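Please follow the chain in the viewer while reading the account below, which moves from the backbone to the domains and then to the charged pairs.

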Amino acid sequence: MAYYSIQNIPLTDLAKEFGTPLYVYDADKIREKISVLRAAFEGIDLTIKYAAKANTNLSILRLMRENGVDMDVVSPQELEIGLIAGYEGSNITFTPSGVHFSEIEYAVSKGAIVNLDNLSVLEKFGQTYGSSQPCLIRIKPHVFGGGNEKIMTAHPESKFGISIHQKAEILSIVEQYNINVIGLHQHTGSDIKDGKTFEQAASALFDFAYDFKDLQIIDLGGGFKVPYSPEDPGVNMLEVGQIMSNAFRAFCQKYGRELRLWVEPGKFLVSESGTFLAETNVVKRDPVKTFVGINSGLNHLIRPMMYGSYHYIFNASNQDSSKQEDYRVTGYICETDTFSFDFNGKQNERLLNKVKEGDIIALANAGAYGFTMASHYNSRFLPAEVLVDGGKARVIRRRETLEDILRNQE
Ligand SMILES: *Cc1c(COP(=O)(O)O)cnc(C)c1O
């Protein structure tokens with residue numbers, strides 16, 4: 001886990017130079033994660049489809065593209081941003097949920113491959129394109145996997161995917177319109193750490209796949225857990241990769257053909273690359289608790305408040321661990337915007353090196369679902385973003401001004 005500096009640049013220097021609140025990303029960390037993923041699936045015809053909703057900054061997307069990573073998008077706007085970042089439509093997969101059919105038509109018109117997750121949409125796709133456009137079908141394998149209920153996507157009650165129990169209906173629509181189904185897809189959820197869950201979901205999809213004769217691709221989604229604290233090992237990617245590779249090889253053999261394997265990690269590729277920096281506005285010594293109030297809130301990093309997510313927090317301005325105190329780290333928004341949640345999804349206190357007003361507080365694992373979930377709530381500006389690459393830091397999203405907030409208003 002990167003601590004007080006990124007590529008030898010102290011976090012406090014970055015805060016001073018670029019101001020706070022600030023997202024900083026380490027390009028080397030992203031490259032490292034891409035290599036780990038490739039190594040985990042060595043010998044397999046693997047394509048990495050970065051789940052761009054985790055972080056859609058253009059510079060991050062360009063970095064992905066330069067490293068041979070394709071994109072998985074969930075909206076026409078993400079698709080458009082991908083094209084601007086230099087991707088070809090054919091390198092982009094559109095995996096929407098519950099969108100209007102016109103968005104699917106738009107994606108097809110840009111050359112993207114779509115992933116269909118609803119019987120009525122599959123039927124419309126057949127009526128519109130017949131066999132002329134390839135597609136993937138997203139299956140809901142009825143598997144429980146993921147860090148918590150809110151981030152599970154393949155259990156029986158999930159809205160995502162077509163139920164694995166509706167195979168007959170799927171096959172009948174595919175036959176009726178001669179739909180060109182080139183792949184099957186499933187994405188189980190987020191923060192999955194054990195190989196067993198991936199294996200279980202994959203094997204459900206494999207069992208399902210034998211009736212589809214023209215497959216070229218199996219897409220096993222993302223959801224690989226990352227380490228959230230110095231003690232947290234995260235997923236053992238090499239082990240999970242091996243489990244999934246073996247299951248995939250066995251499937252291909254039985255299917256009678258070598259297929260391509262796609263995975264769609266978001267968090268795994270970018271979470272650890274990001275650190276969020278904010279400044280301590282106030283230290284509030286209350287009879288019950290001591291609060292550290294930073295110049296940010298759920299408007300900039302909502303994961304703790306939305307999912308009870310754990311972010312490792314430290315005082316970037318004070319490396320002296322001989323004097324630590326328990327602090328509840330909160331924001332400046334007029335809501336309860338506690339940043340310090342424990343691993344059970346409860347607000348708690350963190351032992352931090354003694355904090356004084358003006359200190360820079362850093363939150364780790366801020367590269368995924370951080371900036372992309374930020375809002376203008378309380379009419380405050382979005383954070384700026386900085387990428388550190390080759391030992392140099394550069395702004396990849398400027399700080400906003402009031403004009404940005406007023407734009408489009410009457
Ligand atoms: C969000 C999403 C992912 C990525 O999930 P992570 O937990 O960030 O790896 C992958 N596939 C689909 C379809 C998604 O919606």
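In which loop is proline 21 found? In this predicted model, proline 21 sits in the loop that runs between helix H1 (11-18) and strand E3 (22-26). The peptide bond that joins threonine 20 to proline 21 is cis, with an omega of about -5 degrees. A further backbone feature is found at asparagine 178, which has a positive phi of about 55 degrees although it is not a glycine; asparagine 178 belongs to the loop between helix H7 (167-177) and E10.

Turning to the domains, the domain assignment of the protein chain gives domain 1, covering 56-265, and domain 2, covering 271-406. The C-alpha centres of domain 1 and domain 2 are 33 Å apart, and 14 residues of domain 1 are in contact with 15 residues of domain 2. Between domain 1 and domain 2 an area of about 1200 Å² is buried, with carbon and sulfur atoms giving 57% of that area. On the side of domain 1, the residues that lose the most area to domain 2 are Asn57, Ser59 and Tyr228, which together make up 41% of what that side buries. The side of domain 1 that touches domain 2 comprises, by class, 7 nonpolar, 5 polar and 2 charged residues. Across the interface of domain 1 and domain 2 there are 3 residue pairs in polar contact, both residues of each pair being at pLDDT 80 or more, whereas the rule finds 0 salt bridges there.

The UniProt record can be set beside this assignment. An unreviewed UniProt entry places the feature "domain: Orn/DAP/Arg decarboxylase 2 N-terminal" at residues 28-271; over that span the chain is 41% helix and 16% strand, and the end C-alpha atoms lie 13 Å apart. For the feature "domain: Orn/DAP/Arg decarboxylase 2 C-terminal", UniProt, again in an unreviewed entry, lists residues 23-367. Residues 23-367 are 31% helix and 23% strand, with the end C-alpha atoms 8 Å apart.

The last step concerns the charged pairs. Side chains of opposite charge can pair when their charged atoms come close. By the rule applied to this model, the count of salt bridges comes to 15. One salt bridge is formed by the side chains of lysine 267 and aspartate 191, with a distance of 3.0 Å from N to O. Because lysine 267 lies in helix H10 (residues 267-270), while aspartate 191 lies in the loop between strand E10 (180-185) and helix H8 (195-209), this pair ties together parts of the chain that are 76 residues apart in sequence. Strand E10 thus borders two of the loops described here, since the loop holding asparagine 178 runs from helix H7 to E10 and the loop holding aspartate 191 runs from E10 to helix H8.

Conventions. Residues numbered from 1 in each chain as written. Predicted model: local features only at pLDDT ≥ 70, side-chain atom pairs only at ≥ 80, totals over all residues. Heavy atoms only, no water. Domains from an automatic or database assignment. Contact = heavy atoms within 4.5 Å. Buried area = accessible area lost by both parts, 1.4 Å probe. Salt bridge = Lys/Arg side-chain N within 4 Å of Asp/Glu carboxyl O. Polar contact = N/O pair within 3.5 Å; in protein donor to acceptor, adjacent residues only side chain to side chain. Nonpolar A, V, L, I, M, F, W, Y, C, P; charged D, E, K, R; others polar. UniProt positions renumbered as here; feature names shortened; annotations may be inferred. Helix = DSSP H or I, 4+ residues; strand = E, 2+ residues; numbered from the N terminus.
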